[in-house]
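The following exercises concern surface patches, backbone angles and cysteines. Please attempt each task before reading its solution.

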Amino acid sequence: MQIPKKSERLKFFQDLYENAKSKSPVYDEALERNLKQYKGSKDIDGSNEQADVVRNITYELIESQVTSYIPTARVDPLKADEKSTRCARSIETLISSVKNQLPFEEMNDIDERYTYVYGGSIWLVEWDDSIISGHDSVGGVRVSCISPRHFVGQPGLKNIADMEYCFIKFETTKDEICRRYNVEWKEAEETESDEGNDTEETATLYVCYYKNDADKICQFVWSADVVLSDVDDYYSRKREYCVRCHKKKQVCECDEPKIKLMNEEYNELERDVVTSYGVIPAMSPMMKDGMPVTEEVEVPVLDEAGNQVMTVLEGGLTMPATQKIEVPKMEKTKLPFYTPKTFPIVIRKNTSQEDSLLGQSDCEFIRDQQQAINKVETRIMQKLIRAGITPVMPEGATVTLNNSVFGNVIKMKPGETAAQYGKIDTTPDISKDIAEAERLYEHAKNTLGITNSYQGQADTTAKSGIAKQAQIAQAAGRLDSKRKMKNFAYSQLFRIIFENYLAYADEPRPVARMDEMGRMHECTFNRYDFLMRDEAGEWYYDDE
């Protein structure tokens with residue numbers, strides 16, 4: 001994607017966001033309509049009148065599907081060697097530890113409702129250096145579950161991996177803006193405030209993730225007309241270098257240094273690195289075009305016994321004999337930094353839908369039944385309100401009020417009997433209305449594949465224990481595709497978490513693992529365990 005110069009970028013991204021937003025108005029309206037339906041809206045499609053009564057079957061059926069189940073990570077290495085297997089177990093242990101540290105129970109709770117109501121949810125994974133995860137460990141992942149209403153993708157594309165850019169809208173405090181983006185309070189006060197929020201302490205942020213010409217992930221953050229962050233190559237390490245001597249700012253000796261923030265591709269080792277499988281030396285042979293670079297050195301000549309050979313000079317003088325040999329030229333070992341290549345965003349779909357960024361919403365499939373039930377329940381209530389019991393009394397009967405419990409007294413004339421008094425009951429028959437409402441409710445349940453057994457209600461359709469088991473298994477089978485989609489989304493989420501630790505966790509991270517017997521074991525995740533060296537001498541991370 002062609003990105004303009006620094007001075008023109010703010011207007012460019014603002015226009016890009018508004019253009020993407022304007023091309024999905026139906027999408028926004030559908031999400032808003034689904035949320036209102038879930039919350040029990042009284043609106044009737046195609047009518048200005050509202051329902052008097054709402055039997056919220058949408059909420060009931062969605063809540064019956066909500067589960068606290070959180071998938072666990074399982075890593076299958078592509079290679080069957082011992083190192084790959086142990087690294088796979090190391091990833092599983094890392095993910096399990098991260099899940100325990102982060103509030104995944106709370107995020108799963110809102111994620112379940114986002115998914116069923118909107119058809120999907122948005123997950124964002126970020127690396128935060130401000131997190132102190134131990135005495136000597138700095139940095140950790142920050143995971144957020146975001147409403148699809150705050151996500152805008154590139155128009156026309158249905159897979160985030162195919163997009164060139166996407167946007168996420170955030171609400172945060174102005175104090176957090178100052179801390180996170182290192183801006184002055186004066187700039188933070190100029191940021192955009194949410195229209196629906198009465199306080200002036202919060203601000204609305206817009207974050208754009210996009211790919212540059214080199215297919216690198218970049219980030220641009222703004223609020224109102226304030227640029228908060230403009231990062232080219234979002235995942236790369238950044239360090240200040242002098243453009244003149246190409247040395248780090250700390251060791252630059254130029255008279256007039258020209259310091260610039262540049263990407264750091266390699267880490268030059270100052271000491272040996274200990275891994276679970278050996279030691280990576282601080283000095284390594286210099287390589288060029290896949291071949292070691294050699295140099296001539298002069299070394300002593302030794303005999304077969306290992307003694308130094310002496311050379312006799314004129315005059316009887318002796319000196320040690322030497323010879324020149326070719327040896328590899330040594331340099332500091334350069335280990336590359338791992339760089340993720342995908343957007344830090346995962347979309348969980350409810351069930352797949354053709355030509356859609358999100359999945360299918362449960363609200364949309366049972367909207368007709370919800371609307372019809374609202375009408376029927378309103379009709380039942382109107383019938384009952386208009387109904388009543390009308391007294392029948394002889395002409396000239398006298399009714400008086402008193403202070404008794406009953407409130408009024410009918411005084412009969414001489415010769416009258418109570419049989420002359422009666423009533424007319426105008427209570428309507430609502431049994432057919434109730435039956436129709438229940439029929440519509442069953443339609444909605446059948447549409448989503450939810451049975452009474454699945455809801456924990458009494459179900460007499462199965463006459464035996466085996467039939468009951470088959471019935472429950474069949475109900476779970478219809479809903480199994482939703483769990484499969486959840487597992488798939490979490491596998492992508494866990495992959496991004498692992499890649500962040502592989503890229504930024506410089507220190508070995510202590511993690512705990514529980515075995516099959518319930519015993520806890522101390523383990524360590526070390527990103528250097530994933531380093532491999534090819535035949536050309538190049539180091540690379542084995543992330544398969």
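**Exercise 1: A nonpolar patch**

Ile410 has a relative accessible area of 40% and is therefore partly exposed. The model used throughout these exercises is a predicted one.

*Task.* State which residues form a nonpolar patch on the surface, and where Ile410 is found.

*Solution.*
1. The nonpolar surface patch is formed by Met393, Val399, Ile410 and Met412.
2. Together, these residues have about 330 Å² of accessible area.
3. Ile410 is found in strand 25, which covers residues 408-411.
4. Patches are made of residues with over 30% relative accessible area, and the value for Ile410 is 40%.

**Exercise 2: A negative patch**

*Task.* Identify the residues of the negative surface patch, and determine whether Glu187 is buried, partly exposed or exposed.

*Solution.*
1. The negative patch is formed by Asp175, Glu184, Glu187, Glu189, Glu190, Glu200, Glu201 and Asp225.
2. Within the fold, Glu187 belongs to helix 7, residues 185-188.
3. The relative accessible area of Glu187 is 33%.
4. Partly exposed residues lie between the limits of 20% and 50%, so Glu187 is partly exposed.

**Exercise 3: Positive phi angles**

*Task.* For Asn182 and Asp355, give the value of phi, then locate each residue and classify its accessibility.

*Solution.*
1. Phi of Asn182 is near 55°, which is a positive value in a residue other than glycine.
2. Asn182 sits in the loop that joins helix 6 (174-181) to helix 7.
3. With a relative accessible area of 70%, Asn182 is exposed, because the limit for this class is over 50%.
4. Asp355 is likewise a residue other than glycine with a positive phi, near 55°.
5. The loop containing Asp355 runs between strand 22 (345-349) and helix 8 (362-365).
6. Asp355 has 59% relative accessibility and so counts as exposed.

**Exercise 4: Cysteines**

*Task.* How many disulfides does a search of the whole structure find? Explain why Cys218 is not bonded to the closest cysteine.

*Solution.*
1. The search finds 0 disulfides in the whole structure.
2. For Cys208, the nearest cysteine sulfur is that of Cys166, 6.9 Å away, and Cys208 is in no disulfide.
3. A disulfide requires two cysteine sulfur atoms within 2.5 Å.
4. The cysteine sulfur closest to that of Cys218 is in Cys208, at 9.4 Å, which is too far for a bond.
5. Cys208 has 0% relative accessibility and therefore counts as buried.
6. Cys218 also counts as buried, at 0% relative accessibility.

Notes
Residues numbered from 1 in each chain as written. Predicted model: local features only at pLDDT ≥ 70, side-chain atom pairs only at ≥ 80, totals over all residues. Heavy atoms only, no water. Patch = residues over 30% accessible without salt bridge, like charges linked within 9 Å, V, L, I, M, F, W, Y side chains within 5 Å. Areas by Shrake-Rupley, 256 points an atom, 1.4 Å probe, with all protein chains shown as cover. Salt bridge = Lys/Arg side-chain N within 4 Å of Asp/Glu carboxyl O. Lys, Arg positive; Asp, Glu negative; His and termini not counted. Charge placed at Lys NZ, Arg CZ, Asp CG, Glu CD. Helix = DSSP H or I, 4+ residues; strand = E, 2+ residues; numbered from the N terminus. Buried < 20%, exposed > 50% of the residue type's maximum accessible area, 1.4 Å probe, protein only.
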